[in-house]
Amino acid sequence: MDPLDARPVMNYGWWHRVSAILIWVLTHFHRTLHLPYVACIVLLTICVRGLMFPISMKQTAGAAKMKELQPELTELRKKYSKEPEKFAVAQRELFRKHNHNPFAGCLPVFLQLPIFIGLYNALYYAIDLRLARFLWIDNLAAPDAIMKFPGPLPLLGWHELNLLPILTCGLFLVQQRMFLPPAETEEQRVTNKMMGFMTVFMGFMFYKSPAGLCIYFIASSLWGIAERKLLPKPKPA
C-alpha cells in the first residue's frame with residue numbers, strides 16, 4: 001500500500017491508536033505463532049481478560065456483598081417507602097458503612113469499551129483480516145452469514161442468518177442473569193426486565209457486525225461465565 005500511497009484508506013476513526021495496536025497484536029500472533037486469525041482473536045481475548053482478572057475478582061466480591069446487603073435494602077425501602085430522599089441517604093450510608101461501590105461492577109465493561117470500538121474499526125478497515133476463514137465463515141471482517149433467506153425478512157430486511165450475533169446476545173443474557181442481584185421489589189424486577197430488553201435490542205443493532213468481533217465477545221463471555229462458576233465467591237465481612 002505504501003508505494004501507492006493508499007494507507008489512508010484504513011481510517012480507524014477516533015480510536016485509531018487502539019485499532020493500530022490491536023492489529024499489530026493480531027498480526028504478531030499470526031506471524032510468530034503461525035495461528036489462524038480466529039485463534040489470534042481468542043488469544044487476544046485471553047490477554048485482555050487476564051489483565052482485567054483483579055478487577056473481575058473485585059466485581060465478584062461486589063456482587064456477593066450486594067447479595068448480602070439485599071435484606072437490609074429491602075427493609076430500608078419499606079421504612080422510607082414514602083420518603084425517597086431519606087431512602088437515598090440511608091442507602092448511601094449503608095454502602096459507605098460496608099465500603100461497597102454499586103457502580104464498581106460496570107468498570108470491566110468501560111475498560112473493554114476502547115477494545116470493542118478499536119477492534120470494530122480494525123475489522124472493518126484493516127486489510128489483514130479480510131477473507132480470513134473459520135468453519136463456515138469466509139471473511140472475519142464481515143457477518144458470518146451461515147445461510148441465506150429466500151427473501152428479506154419483513155420489517156427487519158435481513159437477507160442472511162448470522163448465527164454469531166445471536167450466540168453473543170444469548171451469552172450476554174446468561175451473564176446478566178448471573179451478575180444481577182435477585183429482584184426483591186417490583187421496581188427491581190422492571191429494571192432487570194428493561195436491562196434484558198436492552199441487551200436483546202443491542203443484539204438487533206449489531207446483527208450485521210463482523211464475525212471476528214462476535215468471536216471476541218463470545219470468548220470474553222465464556223471467560224466471564226467460567227470465572228463466575230469456577231472461582232470461589234468471597235464472603236463479605
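Start by selecting Arg96: this residue is exposed, with a relative accessible area of 55%. Keep in mind as you look around that you have a predicted model open.

Now add Glu93 to your selection. Glu93 and Arg96 form a salt bridge, and their closest N and O atoms sit 2.4 Å apart. How far apart are the two along helix α4? Color residues 84–97 to show that helix: Glu93 and Arg96 are three residues apart in it, so about one helical turn separates them. Unlike the exposed Arg96, Glu93 is partly exposed, at 40% relative accessible area.

Next stop: the strands. Select Lys148 and Glu160, which make a salt bridge with 2.8 Å between the closest N and O atoms. This pair ties together distant parts of the chain, since Lys148 belongs to strand β1 (residues 147–148) and Glu160 to strand β2 (residues 160–161), 12 residues apart. Is Lys148 buried or exposed? Switch on the surface and check: Lys148 is exposed, with a relative accessible area of 61%, while Glu160 counts as partly exposed at 26%. With that pair you've visited both salt bridges, as the count comes to two.

For the last stop, jump to helix α7, residues 186–205, and pick out Met198 there. Met198 is partly exposed, at 39% relative accessibility. Now widen the selection to Val190, Met194, Phe197, Met198, Phe201, Met202 and Met205. What do these residues form on the surface? They make up a nonpolar patch, and together they have about 680 Å² of accessible area.

Key: Residues numbered from 1 in each chain as written. Predicted model: local features only at pLDDT ≥ 70, side-chain atom pairs only at ≥ 80, totals over all residues. Heavy atoms only, no water. Salt bridge = Lys/Arg side-chain N within 4 Å of Asp/Glu carboxyl O. Helix = DSSP H or I, 4+ residues; strand = E, 2+ residues; numbered from the N terminus. Buried < 20%, exposed > 50% of the residue type's maximum accessible area, 1.4 Å probe, protein only. Patch = residues over 30% accessible without salt bridge, like charges linked within 9 Å, V, L, I, M, F, W, Y side chains within 5 Å. Areas by Shrake-Rupley, 256 points an atom, 1.4 Å probe, with all protein chains shown as cover.
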